[in-house]
Each structure stands twice: as C-alpha cells, then as structure tokens.
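Q: Please take a close look at how the helices at the start of this chain pack against one another, and describe the geometry and the residues involved.

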Amino acid sequence: MPKTSARLLSLLSLLQTRRDWPGQRLAERLEVSPRTVRRDVDRLRGLGYPIVSAKGPDGGYRLDAGTELPPLLFDDEQAVALAVALQVAATTGVGIEEAAARALATVRQVMPARLRHRIDMLRFTAVERPAVRPLPPVDGNVLMAVSAAARACEVLRFDYTPAPGAGAPDGAPAAGLPPRRVEPHHLVTWCGRWYLVAWDLDREDWRSFRADRMAPRTPTGPRFTPREVPGGEVAAFVTRRFEGYDDSGGRPCRGEVILDLPAATVSRYTYDGLVEELGPSRCRLVLGSWSWTGLASAIGRFDAGIEVVGPPELKEAFAHLARRYAGAAGPDLRQAARPAHDGHSPR
C-alpha cells in the first residue's frame, strides 16, 4: 500500500477513536509534521469525511456528522460485535430484517479472512417465546419520532389504538378520541414488544404505551423538565409494572399458606416470597401475585397438602380453581381421580 494511503487510513482510525484531536498530537502519533496532517485532513475531506478544524494554539480536528455515511474503519472487536448485532436484528420486531441481512453481507465482504472465519463459525437461531398471536411489527419511523421527542424533552402527541375489547376492534383507530399527550421518558423492549414509558399529562400518572399502536402527530409540543420514574431506574420500574408489582414495590394480591413440604424444597422454587420452616416436612409460605387466581395457581404447583391461612380472597380463588379443574376432568374422571404425592418438587 502506498505510504500516503496507509497514513490516511491511520489518520481516519485515530479520528474515530476520540472526539477531539490536537493537531500536534496527531502529528506525533503519525510521525509526520503538522503541515502533513493538514494536507491529509484535506484529502479525507475530499473523500467525503466531514472533518471540522478548530483554530488557535490548541486547535485540532474532529470527525463530525455529515450528510451521508462515508466508509468507516472498525477494529476486530467492533467488527465482530457489529456482525453479531446484525444477526440478532431480526428479533427486534422493527421490520429491519432485510436491511440487516444486506448490511451483514456488506460488512462480511470487507472483513479480513481471520474475522470472516470467526463470524462464519457463529451460527445461531434466536428463538422467541411463543405468542398467542404473531407480534405486530413496529414502524421504525414511529420509534425514531418517539425517541427524538424523548431526547429533546418535548411533549409528544399521538393517536393510540386501544387494546381489543377496550372500545375498538384490534387494529382499528379509536374514532373521536383526542390524541394522547405525554412527556416521553424512555423507549423499552419487553418480550419482543416496544413500549414508551411516559408521564400522561391528562391522567397525571406514569403510563406505558405499545409503540405498534401509536401514530405520532407533528409538530411536537413544548419542552418540559424530565421527571424521575418511580424508583429512579427505568428497567426496575418497567419490570415491576409488567410483573404486577404496585408502586410500593409489592404485589397487589398477597397471601399466606402452610405447605406439607420442607422449607428447603420450597425455597428453591420461590424467588420473591417468604418461606418459614415449621418442621421437617412443613413450612409457611407468604407470596404475592398480580391476581388471586394467579396466586392460587402459583401455590398449587407444589404437589403437597395446602392449608390457607388467609386472606379470604385466596380461599375463594382456590375454590374457583377447584370447580374449574373438576369441570375439566369430566364426570368419569372426577370419581376416579386420586391424589398422588411425591412430596418433594413442584410439577
């Protein structure tokens, strides 16, 4: 490779590693004069790289954003990370599968043989949890508009399609409803879906909105001072909301039972409950859930005798499930069914 071309690539690589480079520092790293650095910068500008100069004794250079994407240089770790990220792009639900595949082919084509071999060795299939119905794709333009409003701290207005059974059929717009007005805080993904976490100005509370049901309006509203989500962390807030926790950090339905199982056994399968040993094969379990029926189902997975301490709602949930399961068993199986306990593990 000609010496000048090699130096240009080295200069470009340095400009990509940090925001600002003093001219004298670049000259020292490249072992050339500051005048040669200036000429090389002009050559890169001629190739389409937007390099900004700062004048003065401490002046230097910065690789800035331009109107189009020029060729980029990646080190080995960056190239591998980019290739892996493009392979999993199909699981984002944003509808960029074809573009990601083309980008991966482009990156792979210019990779050195040693890196191409590493990428070709990595073959995997991203398996998502089965859903009752296919997850609707999300328009990338919607994500960009929502994210831009959140970053600029501007009030976002959008039309929102309600969930099925909430006043409109699935996929139909809510006719006659005014647009929602929110202070957008953060875009998050949960189980393959995209959500906006935002402060609802009309309901004066934190809400989450599915991005595939949003149709942003323009222009955006006035700027606002960002609020802090309850608890201070977006990830923890979203997890609590989607797993049924209330704002106090607990679950709305909390009950207490006594199980005919050792406390050590129950503890292995209980992540957010309290287990108290009452004897060699008996323990007390205090557990919460998003509903009483859900709580009874979670406790019922322990194949053991159950004594409900309280509250009455939990007893009613067990009675409800008993009637449901008896009906599912059918008239012939109800009489023939006999309990069979192994006494050690949940089913």
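A: What follows describes the packing around helix H1, after a brief word on the chain as a whole. The model is predicted, and its chain has 11 helices and 12 strands, with buried residues making up 32% of the 347 residues.

Two packed helices are described by the distance between their axes and by the angle between those axes. Helix H1 covers residues 3-17 and helix H2 residues 23-30, and their axes come within 11 Å while crossing at roughly 130°. That angle makes H1 oblique to H2, because it falls in neither the roughly perpendicular range of 65 to 115 degrees nor the roughly antiparallel range over 145. The crossing of H1 past H2 is right-handed. On the H1 side the contact involves Arg 7, Ser 10, Leu 11, Leu 14 and Leu 15, which meet Leu 26, Arg 29 and Leu 30 of H2. The residues of this contact of H1 with H2 comprise five nonpolar, one polar and two charged.

Turning to helix H3, residues 34-46, its axis and that of H1 come within 10 Å and cross at roughly 85°, and the two helices are therefore roughly perpendicular to each other. Here H1 contributes Thr 4, Arg 7, Leu 8, Leu 11, Leu 12 and Leu 15, while H3 contributes Thr 36, Val 37, Asp 40, Val 41, Arg 43 and Leu 44. By class, the residues of the contact of H1 with H3 are seven nonpolar, two polar and three charged. Arg 7, Leu 11 and Leu 15 of H1 take part in the contact with H2 and also in the contact with H3.

Note on methods
Residues are numbered from 1 along each chain as its sequence is written. This is a predicted model: local features need pLDDT of at least 70, side-chain atom pairs count only at pLDDT 80 or more; totals for chains, interfaces and linings use all residues. Side-chain values use heavy atoms; hydrogens and water are left out. Helices (H or I, at least four residues) and strands (E, at least two) are DSSP runs, numbered from the N terminus. Buried means under 20% relative accessible area, exposed over 50%, partly exposed in between (1.4 Å probe, protein chains only). Axes are lines fitted to C-alpha atoms, for helices over the stretch in contact, and angles run from 0 to 180 degrees between N-to-C directions. Angles under 35 degrees count as roughly parallel, over 145 as roughly antiparallel, 65 to 115 as roughly perpendicular and the rest as oblique. A crossing is left-handed if the near helix is turned anticlockwise from the far one by less than a right angle, and right-handed if clockwise. Contact means heavy atoms within 4.5 Å. Ala, Val, Leu, Ile, Met, Phe, Trp, Tyr, Cys and Pro count as nonpolar, Asp, Glu, Lys and Arg as charged, and the others, Gly among them, as polar.
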